[in-house]
Amino acid sequence: MTTTLRLPAPAKLNRLLHITGRRADGYHELQTLFQFLDHGDTLSLSPRDDGELRLTPALPGVAAADNLILRAARLLREESGCTRGADIHLQKRLPMGGGLGGGSSDAATTLLGLNELWGLGLSRERLAALGLRLGADVPVFVHGHAAWAEGIGERLTPVELDTPWFVVIHPGVSVATPAVFNAPGLTRHTPPITMARALREGPACWHNDCEATVRELYPPVAEALDWLARFAPTRLTGTGACLFAWLTNEADADSILRRLGRHDWQGFKARGCNRSPLHAVLEERATSAS
Ligand SMILES: C[C@](O)(CO)[C@H](O)COP(=O)(O)OP(=O)(O)OC[C@H]1O[C@@H](n2ccc(N)nc2=O)[C@H](O)[C@@H]1O
Ligand SMILES: Nc1ncnc2c1ncn2[C@@H]1O[C@H](COP(=O)(O)OP(=O)(O)OP(=O)(O)O)[C@@H](O)[C@H]1O
């Protein structure tokens, strides 16, 4: 019987994103608070004995060789010496270039899922280090806990945040992360704050340093930010294009979504989670197997 692992690849939000410097290699030093959503992509993974790695369906505009799922699978094989293959099916829900970390989350789910399916036994630390070679956002998805992050986003301290309802809007444009980080006008020198202060003061001291640049480069994002802020406090996630507002109850989220009514904007509601839905599924599996 073939084992198929069906695993979530949740979205993340950057509840704040402060840029505090730029390294010699061009990457930016940041401070951010990552939190997961109970909404995301789903991957189904089954082993193949002929060594082939197959992914369906193809993602529009992404060559198979560049797909982070296949890159993660190949990296894991190179590092472990494993020669097995896999069939991977991706149910994509997260918009690409949305700031929700969809590609990074798919990569992390692939690393954890194939580690289990192929019986490799690599530690979370080792998988996170491999993930960092694929993207700055991959390690938090591998570790699976809401986190205060520094460095380029890889130095993680687990935190417990409030878990409100969120309304997330995608304003119909795709933002290229490098275009934002390379913009001359980007704020790059926000004074660092301590994690203790960020947690003590809460959203009053949380902002996203990419917002001004993204507003300028992508006017539909600016329009959506202004619209959503009429109802509740609103921020950009990552480098956009998605933005989110937080609400104390689900009914308020529903009420905002009913007013959305624009065909070029897509919106959804989701609950914030401090533990990744991926890790919840993997731990449930481990418990029921023991
Ligand atoms: C903005 C965030 O989403 C916040 O969580 C991430 O820092 C971006 O993470 P990511 O999409 O995994 O980004 P990567 O694929 O590693 O980098 C894409 C490009 O963004 C820029 N980049 C990214 C992360 C970072 N800390 N500094 C950067 O300058 C670099 O030009 C890099 O070539
Ligand atoms: N499996 C994948 N899913 C999504 N994008 C992928 C995948 N593989 C490669 N990519 C490429 O990575 C780019 C960034 O995708 P992603 O969905 O992670 O963006 P994002 O949400 O803006 O990420 P971040 O918040 O980490 O900046 C896409 O535009 C696409 O070209």
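**Close-ups of a two-domain predicted model**

**View 1. V142 and its contacts.** Skipping neighbours within four places in sequence, V142 is in contact with A108, L111, L112, R124, L127, A128 and G131. This is a predicted model, so read the close-up with that in mind. V142 turns up again in the next view, along with L111.

**View 2. The largest nonpolar core.** This core has 72 residues, and the ones touching the most other members are I69, L111, V142, F166, V167, L243 and F244. Domain 1 (5–159) and domain 2 (165–273) both chip in residues, so the core lies between them. As a rule, nonpolar side chains in soluble globular proteins tend to be buried together.

**View 3. Where the two domains meet.** The domain assignment splits the protein chain into domain 1 (5–159) and domain 2 (165–273). Their centres, taken over C-alpha atoms, are 22 Å apart. In this view, 28 residues of domain 1 are in contact with 34 residues of domain 2. On the domain 1 side, β1 (5–22) and β2 (28–48) are the elements giving two or more residues, and β1 has the largest share with ten. That side is made up of twelve nonpolar, 13 polar and three charged residues.

**View 4. The shell around ligand 2.** There are 20 residues around ligand 2, and L68, G102, G103, D106 and G238 come nearest. Helices α1 (68–80) and α2 (102–117) each supply at least two residues of the shell, with α2 giving the most, four residues. By class, the shell has six nonpolar, eleven polar and three charged residues. Ligand 2 lies between domain 1 (5–159) and domain 2 (165–273), because both give residues to its shell.

Key: Residues numbered from 1 in each chain as written. Chains lettered and ligands numbered in written order. Predicted model: local features only at pLDDT ≥ 70, side-chain atom pairs only at ≥ 80, totals over all residues. Near = placed C-beta within 6 Å. Nonpolar A, V, L, I, M, F, W, Y, C, P; charged D, E, K, R; others polar. Domains from an automatic or database assignment. Core = buried A, V, L, I, M, F, W, Y, C linked by C-beta atoms within 7 Å. Buried ≥ 20, exposed ≤ 12 C-beta atoms within 10 Å, placed from the backbone. Contact = placed C-beta atoms within 7 Å.
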